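Hi,

Here is the structure I promised to pass on. Have a look at it first, and my notes on what turned up follow below.

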Amino acid sequence: MAKLKDLASMEDRLVAGHGLCLGCGIPLIFKMVLRATEDPLIIANATGCLEVCTTIFPRTSWNVTWIHSAFENAAATIAGVEAMYKSLKRKGRIPKDKKIKFLGVGGDGGTYDIGLQALSGAVERGHDIVYVCYDNNAYANTGGQRSSATPFGASATTSPEGSQSPGKLQWRKDLTKILVAHNIPYAAQSSPHRWQDLYNKAKKAFETEGPAFLNVLCFCPTEWKYDESQGIRLAQLAADTCIWPLYEVESGKYKVNYKPKEKKPVLEWLKPQGRFRHLFKEENAPILEEFQKQVDRDWEELLKLESF
Amino acid sequence: MSTLKTLNGNQTIAEAVRQIDPDVVAAYPITPSTAIVETIAKFRADGLISGEFVCPESEHSAMSVCIGAASAGGRVMTATASQGLALMWEMLYIAAGLRLPIVAAIANRSLSAPINIHGDHSDTMGARDSGWIQIYSEGCQEAYDNFIQAFRIAEHLDVRTPVLVGLDGFIISHSLEVIQVEDDAKVKKFVGEYKPVYPLFDTDRKMTVGPIDFTDYYFEHKRSQIEGIENAPPVIEAVGKEFGKTFGREYGFFEEYRMDDAETCIVVMSSAAGTCKDAIDELRSEGKKIGLLKPRVFRPFPHQKIAEALKKTKAVAVLDRSSSPGAFGAPLFTEIRSALYDYQERPPIVNYVYGLGGRDIMVEHFKDVAQKLEKIAETGKVEEWLGYINLRE
């Protein structure tokens with residue numbers, strides 16, 4: 001078990017001075033993820049909040065080797081770096097004892113949507129890479145448009161609530177399970193409010209031989225519209241309501257890492273967030289009911305998968 | 001030892017890849033370049049190359065893998081055509097912007113719609129502003145020779161710009177030709193060791209590659225990228241000369257065929273130039289003073305040299321195997337017409353679009369063009385500046 005004191009004394013690989021919003025979940029996630037390996041590391045970052053806010057030329061917040069090429073191709077880019085590593089190791093142009101880890105990162109836009117094909121291809125080919133998605137449920141970098149990770153009923157700028165619409169009418173895409181279906185050695189969901197869970201999973205992912213995927217819920221005060229001091233509490237509530245279960249799948253075996261003693265109603269997670277405010281109008285009561293039912297069904301299914 | 005082999009265009013590229021053994025090949029199969037990718041895969045399976053072969057799920061990812069791999073610090077190539085190159089389009093600009101010396105073989109093919117698998121230059125012409133150097137090949141031997149030279153040009157420290165080598169889909173990619181395949185060691189020596197520039201693998205440097213530029217830096221960075229391709233001409237020339245010294249076949253920016261005393265001239269690239277040479281021979285035997293100028297390097301465009309070669313003629317026809325809808329002429333025409341603008345003494349010039357979707361162009365078509373050129377030379381007037389060859393209208 002890692003001790004927080006030891007982790008705190010490690011050098012940051014994502015350093016201060018970036019322009020991410022006050023209360024953003026991204027730096028918390030990556031400061032922890034990047035502590036989970038001490039090997040030299042190369043990161044390929046998809047276009048998005050993290051990329052834009054950390055690398056405004058001529059400054060950078062990255063204290064580690066980092067590359068950005070486009071929005072939809074972080075997985076393919078890091079796969080290319082890894083392929084070159086294999087080649088040059090074989091040809092003897094990288095010393096045998098030099099170990100490098102390869103990390104692709106993107107938001108839900110760059111991962112669930114536009115980058116899904118490249119990610120699917122990269123993990124199917126078995127590159128020895130880790131991919132971490134920070135899922136803030138929207139295209140936050142461009143002002144909060146819907147993504148396939150935007151929750152049912154949420155108002156986003158391209159799925160706005162209005163007199164004729166209760167917001168987004170579709171359920172979230174279950175990306176973690178899509179990755180599991182690729183039969184990769186390691187896939188997991190985590191959240192920044194449980195630092196130990198996040199650290200352990202990132203460490204496992206880095207230690208995995210072959211592709212590993214980590215999907216991390218990332219609170220976003222700007223697009224979720226809540227008091228920015230409440231991010232960690234919202235992350236906790238996402239786990240306690242089972243909206244964002246913490247689990248991992250190692251070689252096909254499911255393990256749920258957190259089971260709330262008392263499962264909280266989804267309302268507790270929805271209420272503090274402005275993007276769901278309209279759901280509390282009387283006419284939208286069926287949407288709230290459907291929301292709860294779907295979360296219950298998903299949670300039951302996950303528990304069943306674990307018991308296999 | 002240099003040997004004669006009967007190979008088609010795709011095989012000649014694959015043969016060059018085997019000899020050069022790039023560190024990473026990332027390519028997605030597409031007609032008519034598929035056989036390049038398949039042959040490389042088989043070379044890897046048989047242990048004939050030691051580099052990594054990656055077969056991604058799309059051309060967009062193929063170019064993205066190339067970009068990651070080249071940034072990491074090694075020699076990289078790919079092959080594609082048509083829709084594949086179109087799908088790479090976004091990444092072509094990024095490869096050039098990041099100054100990565102990637103080499104691509106393109107079996108030139110038309111673009112949809114309508115879908116068509118045959119040869120024309122729409123694909124690479126569509127990428128003409130992407131920042132890549134473009135070299136076109138008349139036949140299999142040229143494709144082989146150009147591909148080998150491409151690495152030297154791309155990787156030159158003054159250039160550091162990706163290069164694509166075009167070979168006409170099917171007409172070259174699938175046609176057999178007896179070609180001189182040079183000695184493995186000699187080819188390796190000519191291409192030389194790869195020298196990485198700011199490789200990601202130098203992890204102690206902790207570099208940030210591809211950061212975001214706002215209005216304060218983007219323009220300067222783009223300008224410095226343009227300098228790379230502007231630096232290419234002397235390198236292309238030197239590499240072409242050295243290739244000639246080493247292997248006996250010298251290359252320049254374009255080929256002039258029977259141009260010495262030519263009064264009229266046809267400008268045409270790639271495989272059609274071969275047919276055009278036959279037409280020129282026949283016309284010459286009839287006493288017509290006509291010549292051919294075959295551009296080899298389209299980007300950077302050797303505007304001054306071409307203008308110098310054409311300025312004294314009495315009429316020029318530029319034949320394009322692509323169109324630029326709504327523009328004042330197809331790509332090669334607009335370049336050449338513009339290149340001649342500064343010359344007081346300049347010939348009238350006419351544009352013909354030919355061969356879209358692989359439509360044949362035959363000796364008689366060139367003869368028709370020659371006849372029209374003769375009339376233009378006589379009158380000094382171009383009645384219609386654009387025509388189409390072998391088209392039912």
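Helix H3 of chain B covers residues 59-72, and at 1.5 Å a residue its 14 residues should span 20 Å, which agrees with the 20 Å between its end C-alpha atoms. (The expected span is 1.5 Å times one less than the number of residues; helices are DSSP runs of H or I with at least four residues, strands are E runs of at least two, and both are numbered from the N terminus.) Of the 14 residues of H3(B), 14 are buried, so this helix is largely enclosed by the rest of the structure. Buried here is a matter of counting: 20 or more other C-beta atoms, placed from the backbone, lie within 10 Å of the residue's own. Right after H3(B) comes B:Gly73, with a positive phi near 130°.

Some housekeeping before you click around: this is a predicted model, where local features need pLDDT of at least 70 and side-chain atom pairs count only at pLDDT 80 or more, while totals for chains, interfaces and linings use all residues. Residues are numbered from 1 along each chain as its sequence is written, and chains are lettered from A and ligands numbered from 1 in the order in which they are written.

Now chain A. It has 12 helices and 10 strands. Its radius of gyration is 19 Å, close to the 19 Å that the globule rule gives for 308 residues, so chain A is as compact as a globular protein of that length. (That radius is taken over C-alpha atoms, and the rule is 2.2 Å times the number of residues to the power 0.38.) Along the principal axes, the C-alpha atoms of chain A fill a box of roughly 70 × 50 × 40 Å. Of its 308 residues, 52% count as buried.

The sheet is worth a look, since the two chains share it. Nine strands form an open sheet with mixed pairing, in the order E10(A)-E9(A)-E7(A)-E8(A)-E4(A)-E3(A)-E1(A)-E2(A)-E9(B). E10 of chain A (253-256) and E9 of chain B stand at the edges with a single partner strand each, so one side of each is left without a neighbour in the sheet. Strands pair if DSSP finds at least two bridges between them. E1(A) and E2(A) run parallel and are joined by three bridges; in one of them, A:Ile42 partners A:Thr65. E2(A) also runs parallel to E9(B) (residues 208-209), with two bridges between them, and there A:Ile67 stands opposite B:Val209.

What does each chain bring to the contact? Chain A gives 39 residues and chain B gives 38, where contact means C-beta atoms, placed from the backbone, within 7 Å. On the chain A side, E1 (41-45), E2 (65-67), H4 (74-90) and H6 (116-124) each supply at least two residues. H4(A) has the largest share, 13 residues. That side has 22 nonpolar, 13 polar and four charged residues. (Ala, Val, Leu, Ile, Met, Phe, Trp, Tyr, Cys and Pro are nonpolar, Asp, Glu, Lys and Arg charged, and the others, Gly among them, polar.)

Lastly, chain B is divided into domain 1 (3-247) and domain 2 (254-388), with bounds from an automatic or database domain assignment. Their centres, taken over C-alpha atoms, are 28 Å apart. The contact between them takes 27 residues from domain 1 and 20 residues from domain 2.

Cheers

Conventions: Two residues are in contact if their C-beta atoms, placed from the backbone, lie within 7 Å. A residue is buried if 20 or more other C-beta atoms lie within 10 Å of its own, exposed if 12 or fewer, and partly exposed in between; C-beta atoms are placed from the backbone.
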